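Q: I'd like a close look at one part of this model: the empty space and what surrounds it. Could you walk me through that, along with whatever is tied to the same elements?

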Amino acid sequence: MSQREVWSSKIGFILAAAGSAVGLGNIWKFPYITGVHGGGAFVLVYLIAILLVGLPIMIAEIYIGKTTQKNPVGAFKDVTKNSNFLTKLAKLSPIAGFLGVLSGILILSFYSVVAGWTLHFLFLSFKGFSGSKEVIEGHFNHLYSTPSIMILWHTILMIIVVLIILKGVQKGIEKASKIMMPLLIFILFTLMIYSIFNGGSGEAFRFMFYPDFSKLNAEAIIQALGHAFFTLSLGMGVMITYGSYLKNDISIVKSSVLVSFIDTFIALLAGMVIFPIVFSSGLEASSGPSLIFKTLPTLFAKITSGSIISIMFFLLLFFAALTSAISLLEVVVVYFVDERKWSRKKGTIILGVTIYLLGVLSAIPKITIGKESVLDFLDNVTTKYMLPFGGLLTILIFAYFIPLKSIREELKLSKFIFYSFVWICRVVTPTLLIWVILNKIGFI
Ligand code: TRP
């Protein structure tokens with residue numbers, strides 16, 4: 001077997017993992033759900049959710065990847081090998097890996113279509129937004145009702161993703177992340193400075209950081225928990241896969257904390273960019289999913305240097321989406337490379353094409369499953385059910401089936417911190433996740 005690739009440096013791994021985590025979820029979804037749920041109190045719950053749900057699962061996934069050096073299916077098989085707890089049940093653990101690979105295929109198929117929207121808006125930004133509110137808001141409606149345009153951008157996006165994954169871990173994923181992540185952070189800072197100088201940031205700051213608990217309800221808490229999980233790309237083996245390319249001298253706990261921190265920081269920054277613009281123009285923070293593709297372009301048309309700002313903004317979204325998309329394809333490809341002995345080239349092309357074709361269905365809103373478009377259907381099935389369930393299996397396998405001694409040796413935590421961590425992983429995280437899942441399937 002050929003030698004498994006490794007990251008060339010620690011920073012390469014951190015940027016790739018952060019690249020996967022930082023996506024449309026941070027820049028598009030986080031600001032809009034914060035807006036819908038009334039700001040500060042929601043942000044606080046979200047931060048707690050990152051600590052109690054996100055971070056433990058991140059540590060579990062990177063641990064499973066790093067110690068086995070395998071794809072999610074192989075990794076779950078290996079990691080439970082020496083388990084003496086419910087041995088028969090432990091043998092079923094690779095199911096978690098299969099679920100991850102399947103989620104990867106489904107998510108990338110529609111994520112690529114949405115990422116394509118960012119390219120379309122980037123293209124529109126170069127032409128500049130102008131005209132009445134109806135005209136500008138019409139761009140999104142026009143895009144959404146013209147499958148050929150969506151398919152065109154989806155095609156371009158999948159080609160870029162495939163080309164990066166063909167190049168492998170160091171020359172592909174790591175290099176792409178090392179270029180795009182610093183640019184992303186640079187753009188975000190520039191936009192934030194712009195926002196601060198153009199007013200509204202005091203109000204935005206208050207909105208995001210002053211908790212008004214009267215606005216908090218169970219639904220907001222469930223959203224926060226679900227999002228904490230989604231935003232860190234957990235529950236389908238991305239961090240297992242990326243962890244499997246780690247060399248021995250890297251600390252799992254420190255890396256997980258750093259990646260979670262970068263992801264959270266970028267989500268908060270995105271809020272600090274978007275809300276001031278929204279407030280200073282007297283718009284509603286709670287306008288929902290269309291906040292980015294409809295509300296913001298109307299503003300870009302009005303403000304000075306709006307076209308530069310909008311180019312930067314959609315470039316930012318595009319980078320964020322692309323680094324997440326490559327991680328999705330990597331998980332799927334490396335499973336076929338490891339377990340089915342395919343070459344990287346064969347795997348990338350066959351799976352890239354398959355996912356591309358599946359994605360075409362999401363680009364045609366007329367095709368429906370039940371009452372939903374394929375895009376909404378896949379989005380719901382994966383993010384509401386498959387990912388949380390995958391995450392639940394991961395944390396249960398990690399906390400109950402792997403000998404604690406092995407975990408403690410690897411994580412190198414002091415006794416008190418280690419046992420508190422184990423308690424969180426065994427009790428707190430699974431309970432919260434089960435609560436979220438039961439809520440989503442309408443059980444509670
Ligand atoms: N974390 C990504 C975001 O914030 C979305 C995401 C969820 C994801 N699960 C994933 C990306 C798995 C890649 C792999 O937008």
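A: A residue counts as buried when its relative accessible area is under 20%, as exposed when that value is over 50%, and as partly exposed in between. Please keep in mind that this is a predicted model.

Happy to start with the enclosed space. Rolling a probe the size of a water molecule over the atoms shows where empty space is left. Here that yields two cavities of 30 Å³ or more. The largest cavity has a volume of about 180 Å³, and 16 residues form its lining. Nearest its centre are Ser20, Tyr111, Phe230, Ser233 and Leu328. Four helices each give at least two residues to this lining: α1 (10–21), α6 (94–127), α11 (218–231) and α15 (306–339). The largest share, three residues, belongs to α15. As for chemistry, the lining of the largest cavity has nine nonpolar and seven polar residues, and no charged ones.

Ser233 deserves a closer look. Ser233 sits in the loop between α11 and α12 (238–243). Its relative accessibility is 14%, so Ser233 counts as buried. Across the fold, the C-alpha atom of Ser233 is 9.3 Å from that of Gly54, although the two residues are 179 positions apart along the chain. The backbone is worth checking too. Most residues other than glycine have a negative phi, and most peptide bonds are trans. Ser233, not a glycine, has a positive phi of about 55°. Lys412 is another non-glycine residue with a positive phi, near 50°. Lys412 lies in the loop between α18 (404–411) and α19 (415–440). With a relative accessible area of 66%, Lys412 is exposed, whereas Ser233 is buried.

The second largest cavity holds about 40 Å³ of space. Among the residues lining it are Glu61, Pro72, Phe76, Ala96, Met236, Ile240 and Thr394, together with glycines including Gly97, Gly100 and Gly235. At least two lining residues come from each of α4 (72–79), α6 and α17 (374–401), and α6 has the largest share with three. By class, this lining has five nonpolar, six polar and one charged residues. Helix α6 thus borders both spaces, as it also supplies at least two residues to the lining of the largest cavity.

Next comes the open space. The largest pocket has a volume of about 880 Å³. Its lining counts 34 residues, and those nearest its centre are Trp28, Lys29, Tyr32, Asp379 and Asn380. The helices α2 (24–36), α6, α7 (133–144), α11 and α17 each contribute at least two residues. Helix α17 has the largest share here, eight residues. The pocket lining divides into 19 nonpolar, eight polar and seven charged residues, while the lining of the largest cavity has no charged residues.

Back to α15, which gives the largest share to the lining of the largest cavity, to follow some charged partners. Side chains of opposite charge can pair when their charged atoms come close. The model has nine salt bridges in total. One of them joins Asp338 and Arg4, at 3.1 Å from N to O. Asp338 is in helix α15 and Arg4 in the segment before α1, so this pair ties together parts that are 334 residues apart in sequence. Both partners are buried: Asp338 has a relative accessibility of 12%, and Arg4 has 18%.

Lys77 and Glu339 form another salt bridge, with their closest N and O atoms 3.5 Å apart. That pair links Lys77 in helix α4 with Glu339 in helix α15, 262 residues away along the chain. Lys77 counts as partly exposed at 45% relative accessibility, and Glu339 is also partly exposed, at 27%.

A further salt bridge is between Arg344 and Glu330, whose closest N and O atoms are 2.9 Å apart. Because Arg344 lies in helix α16 (residues 344–362) and Glu330 in helix α15, the pair ties together parts that are 14 residues apart in sequence. At 0% relative accessibility, Glu330 counts as buried.

Conventions. Residues are numbered from 1 along each chain as its sequence is written. This is a predicted model: local features need pLDDT of at least 70, side-chain atom pairs count only at pLDDT 80 or more; totals for chains, interfaces and linings use all residues. Side-chain values use heavy atoms; hydrogens and water are left out. On a 1 Å grid over the protein atoms alone, a cavity is a set of points where a 1.4 Å probe fits but cannot get out, and a pocket is an open set with protein on both sides within 12 Å along at least five of seven lines; lining residues have an atom within 4 Å of a point. Grid points are joined across faces, edges and corners, and a volume is the space filled by probe spheres set on the points. Ala, Val, Leu, Ile, Met, Phe, Trp, Tyr, Cys and Pro count as nonpolar, Asp, Glu, Lys and Arg as charged, and the others, Gly among them, as polar. Buried means under 20% relative accessible area, exposed over 50%, partly exposed in between (1.4 Å probe, protein chains only). A salt bridge is a side-chain nitrogen of Lys or Arg within 4 Å of a carboxyl oxygen of Asp or Glu.
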